[in-house]
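This report describes how strands are ordered into sheets, which charged side chains pair with one another, and what lines one of the pockets. The sequence and structure come first.

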Amino acid sequence: MDAVRTIRDFNAGREQERLALKYRNMRASPFAFLRGTCHLFYDRLPADKLFRKAPLVWSCGDLHLENFGSYKGDNRLVYFDINDFDEAALAPATWDLVRLLASVLLAGDTLHVRPPQALQLCRLLLESYAQALVLGKARWVERETAQGLVRQLLESLRGRSRVDFLNTRTERRRRRRTIRCDGRHALPASEAQRERVTAMIGGFASDQPDPGFFEVLDVARRVAGTGSLGVDRFAVLVAGKGSPDGNYLLDLKQALPSALASHLKIAQPKWPSQAHRVAELQRRLQAVSMAFLQPIVEGKLGYLLRGLQPSEDRVDLGAAGIDPASIEGLMQEMGRLLAWAQLRSAGRQGSAIADALIDFGAARGRWQEPLCEAARVSAKQVVRDWRVFIEADEAGAFSGH
């Protein structure tokens with residue numbers, strides 16, 4: 001397989017300015033490269049029974065350490081959960097697991113652990129996942145139930161008000177706010193883009209109980225994540241409950257087909273749009289949906305609307321002074337969260353029923369070590385592909401692409 005051609009083909013047609021940021025981010029480390037090449041990871045996935053015979057579940061599709069974080073739910077409470085579903089699809093349960101484990105192995109330097117310790121973290125994560133499946137009950141993590149690093153994160157956000165957040169992302173002049181285009185979180189939008197976004201939000205608002213809430217005040221191109229950089233994505237400032245401090249920031253992002261789609265021989269539902277797929281599966285997998293989560297369709301394109309969630313609102317894995325016990329606790333939490341998401345969405349449109357997932361968890365002796373070995377092999381392949389990418393990038397293969 002030609003990894004360079006595969007990456008170029010997958011990203012063809014994306015906006016150049018943000019695509020350049022994506023390629024720059026991918027250079028940073030094998031872990032960053034993994035986050036930007038979900039499609040390549042599944043191109044490399046072995047076709048053995050470990051990845052064909054596991055129970056079918058509604059899968060995040062792009063599960064890695066950075067796709068767990070805090071968010072504000074539609075009930076205005078803050079939760080810690082899986083929070084990215086762009087690639088969500090019906091897939092064997094082992095697909096999310098192997099990608100998550102590979103991310104643990106690749107993030108060893110970030111976690112300040114050596115390879116043998118990282119492998120032990122994988123085993124600990126899998127054991128917590130299996131135990132949660134066997135219990136058969138989907139739970140959730142909020143401030144009152146969180147522990148360790150997750151509790152520290154949620155407690156740190158406790159005192160941040162919506163106005164505080166608005167002040168970090170917008171400029172205020174008298175009673176009017178505009179989005180701050182700092183190059184880090186947002187870039188200026190063209191007039192044509194502003195008109196398109198305003199029309200999309202306006203069409204959506206016309207069916208809402210309070211259309212005036214969604215009056216668009218400003219639009220900017222959003223910079224967030226790694227894998228989706230270059231895809232149509234906007235930060236949208238709306239009137240909310242009144243200017244200036246009743247304003248709200250929303251995230252509007254184009255939904256593309258799942259990177260898993262070409263690798264799956266499993267029948268998938270016929271969704272009205274890719275945005276409907278993402279929104280519906282996010283609702284199924286999360287205990288509480290993100291605020292304002294809705295699909296919007298423009299012609300043949302689907303866009304996902306939701307409250308703008310700061311990408312910084314996740315555990316800082318590389319922070320100094322994190323002790324090994326805290327990292328272990330985080331791995332256990334992530335394993336449980338994945339199991340709960342699968343149990344919560346069990347028995348829907350082809351996914352395995354809870355009893356099958358309970359049996360899968362009970363039989364963990366048959367798949368835990370093979371899965372750890374598969375993750376180790378996958379992580380090594382990611383490192384090889386990253387080195388090829390770096391060499392090609394330095395030779396100019398991605399310039400102007």
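In this predicted model, Glu333 and Arg336 both belong to helix H12 (residues 324-344), where they are three residues apart, about one turn of the helix. The two side chains form a salt bridge in which the closest N and O atoms are 3.4 Å apart. Glu333 has a relative accessibility of 7% and counts as buried, whereas Arg336, at 25%, counts as partly exposed.

**Salt bridges**

The pair in H12 belongs to a wider set, since the count comes to 26 salt bridges. Another of these pairs is formed by Glu17 and Arg221, whose closest N and O atoms are 3.0 Å apart. Glu17 lies in helix H2 (residues 16-26) and Arg221 in strand S9 (residues 216-222), so this pair ties together parts that are 204 residues apart in sequence. Glu17 is partly exposed, with a relative accessible area of 42%, while Arg221 counts as buried at 10% relative accessibility. Both residues also take part in a network of salt bridges that links Glu15, Glu17, Arg18 and Arg221.

Arg306 and Asp251 form a further salt bridge, with 3.6 Å between the closest N and O atoms. This pair links distant parts of the chain, with Arg306 in strand S13 and Asp251 in strand S11, 55 residues apart. Both Arg306 and Asp251 are buried. The three pairs described here are set out below.

| Salt bridge | Closest N and O atoms |
|---|---|
| Glu17 and Arg221 | 3.0 Å |
| Glu333 and Arg336 | 3.4 Å |
| Arg306 and Asp251 | 3.6 Å |

**The six-stranded sheet**

Strands S9, S11 and S13, which were named above for their charged residues, also appear together in one sheet: six strands form an open sheet in the order S8-S9-S10-S11-S13-S12, with antiparallel pairing. Strand S8 (186-188) and S12 stand at the edges, each with a single partner strand, so one side of each is left without a neighbour in the sheet. From one strand to the next, the twist averages 35 degrees.

Within this sheet, S9 is joined to strand S10 (residues 233-238) by five bridges, and the two strands run antiparallel. In this pairing Val219 stands opposite Val236 in S10. Strand S11 (residues 248-255) is joined to S13 by six bridges, again in the antiparallel sense. Here Asp251 stands opposite Arg306 in S13, and these two residues are also the partners of the salt bridge with a closest N and O separation of 3.6 Å.

On its other side, S13 pairs with strand S12 (residues 294-298) in the antiparallel sense over five bridges. The bridge partner of Gln294 in S13 is Leu305. S12 and S13 form a hairpin with two residues between them, and Gly299 in the turn has a positive phi of about 65 degrees.

Why can strand S13 (residues 301-307) be described as largely enclosed by the rest of the structure? With buried taken as under 20% relative accessible area, six of the seven residues of S13 are buried, so the strand is largely enclosed by the rest of the structure.

**The three-stranded sheet**

An open sheet of three strands has the order S2-S3-S5, and its pairing is antiparallel. S2 and strand S5 (141-142) stand at the edges, each with a single partner strand, so one side of each is left without a neighbour in the sheet. S2 pairs with strand S3 (residues 78-82) in the antiparallel sense over five bridges, and in this pairing Tyr71 stands opposite Tyr79 in S3.

**The second largest pocket**

The second largest pocket holds about 520 Å³ of space. Of the 25 residues that line this pocket, the closest to its centre are Lys72, Arg76, Val78, Arg160 and Gln309. Strand S2 (68-72), helix H9 (162-169) and S11 each supply at least two residues of the lining. S2 gives the most, with three residues. By class, the lining has 12 nonpolar, four polar and nine charged residues. The pocket lining thus draws on S2, an edge strand of the three-stranded sheet, and on S11, which has a place in the six-stranded sheet.

Notes:
Residues are numbered from 1 along each chain as its sequence is written. This is a predicted model: local features need pLDDT of at least 70, side-chain atom pairs count only at pLDDT 80 or more; totals for chains, interfaces and linings use all residues. Side-chain values use heavy atoms; hydrogens and water are left out. Buried means under 20% relative accessible area, exposed over 50%, partly exposed in between (1.4 Å probe, protein chains only). Helices (H or I, at least four residues) and strands (E, at least two) are DSSP runs, numbered from the N terminus. Two strands pair if DSSP finds at least two bridges between them. A salt bridge is a side-chain nitrogen of Lys or Arg within 4 Å of a carboxyl oxygen of Asp or Glu. On a 1 Å grid over the protein atoms alone, a cavity is a set of points where a 1.4 Å probe fits but cannot get out, and a pocket is an open set with protein on both sides within 12 Å along at least five of seven lines; lining residues have an atom within 4 Å of a point. Grid points are joined across faces, edges and corners, and a volume is the space filled by probe spheres set on the points. Ala, Val, Leu, Ile, Met, Phe, Trp, Tyr, Cys and Pro count as nonpolar, Asp, Glu, Lys and Arg as charged, and the others, Gly among them, as polar. Axes are lines fitted to C-alpha atoms, for helices over the stretch in contact, and angles run from 0 to 180 degrees between N-to-C directions.
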